[in-house]
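This report looks at how a nonpolar core, an aromatic pair and a set of paired strands fit together in one chain.

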Amino acid sequence: MAEDKFMAILPQNHNLSKEEKVSLSDLCYEPFMLLEKGTNREISEIFEQNNLTPKIHFTTWDDYAIMSMVESGLGISILPELILKRVPYNIVSKKLDIDVHRNIGFVLRDMKTASLAVKRFMEYLTYRD
């Protein structure tokens, strides 16, 4: 099982982009682009568990739409770190001041008989910068 940290996503010229870590409460003062996929409410739950309410300006299920809107200066967001590897958007990702992550599990019958593509995918999931 691997952990995928949630990161604050900001436009490059945003005042919080200079911070080492971004406070979850600071994100509540900005227009927020919320990623929610059906019943998957991970990001909403992060705010709820910390008794905070972001100013939600847009909700979508598409990670890339969120990154495009943040790049355009329409707001900020929180996304999983794995989706932020090698993105073509001019955005800044910053660690949050609290440790929040999702667990990613991968079930495989036998690593010895796994295809090269599966082995590379496993390497990608477990690679950390």
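Two strands are taken to pair if DSSP finds at least two bridges between them, and it is in this sense that bridge partners are named below. The model is a predicted one.

**Strand pairing around E1**

With that criterion in hand, strand E1 can be followed through its partners. Strand E1 and strand E6 pair in the antiparallel sense over 5 bridges, while 4 bridges join E1 to E5, again with an antiparallel run, and 4 bridges join E1 to strand E7, residues 101-104, which is likewise antiparallel to E1. One residue pair from each of these pairings is set out in the table.

| Residue in E1 pairing | Partner | Partner strand | Bridges between the strands |
|---|---|---|---|
| Glu3 | Asn103 | E7 | 4 bridges |
| Ala8 | Ile78 | E5 | 4 bridges |
| Met7 | Lys95 | E6 | 5 bridges |

Strand E1 is also mostly covered, since 8 of its 10 residues are buried.

**The nonpolar core**

In soluble globular proteins, nonpolar side chains tend to be buried together. The largest nonpolar core here has 29 residues, of which Leu27, Ile43, Phe47, Ile78, Leu79 and Leu84 touch the most other members. Two or more residues each are given to this core by strand E1 (2-11), strand E3 (31-35), helix H1 (42-49), helix H2 (63-71), strand E5 (77-80) and strand E6 (91-96), and the largest share, 5 residues, comes from E1.

Which residues does Leu27 contact once its neighbours within four places in sequence are left aside? Leu27 is in contact with Ala8, Leu16, Val22, Phe32, Phe47, Ile76, Ile78 and Leu96. Among these contacts are Ala8 and Ile78, and these two residues are themselves bridge partners, with Ile78 lying in E5.

**The aromatic pair**

Phe32 and Phe47, both in the contact list of Leu27, also belong together in another respect. A pair of aromatic rings is described by the distance of the centres and the angle of the planes. The structure holds 1 aromatic pair, formed by Phe32 and Phe47 in an edge-to-face arrangement, with 5.2 Å centre to centre and 85° between the planes. This pair links distant parts of the chain, for Phe32 belongs to strand E3 and Phe47 to helix H1, 15 residues apart.

Are these two rings' residues buried or exposed? Phe32 counts as buried because its relative accessibility is 0%, and Phe47 counts as buried because its relative accessibility is 1%.

Terms used. Residues are numbered from 1 along each chain as its sequence is written. This is a predicted model: local features need pLDDT of at least 70, side-chain atom pairs count only at pLDDT 80 or more; totals for chains, interfaces and linings use all residues. Side-chain values use heavy atoms; hydrogens and water are left out. A nonpolar core is a set of buried Ala, Val, Leu, Ile, Met, Phe, Trp, Tyr and Cys residues joined through side-chain atoms within 4.5 Å. Buried means under 20% relative accessible area, exposed over 50%, partly exposed in between (1.4 Å probe, protein chains only). Contact means heavy atoms within 4.5 Å. Rings of Phe, Tyr and Trp (its six-membered ring) pair if their centres lie within 6.5 Å; planes under 30 degrees apart count as stacked, over 60 as edge-to-face and the rest as tilted.
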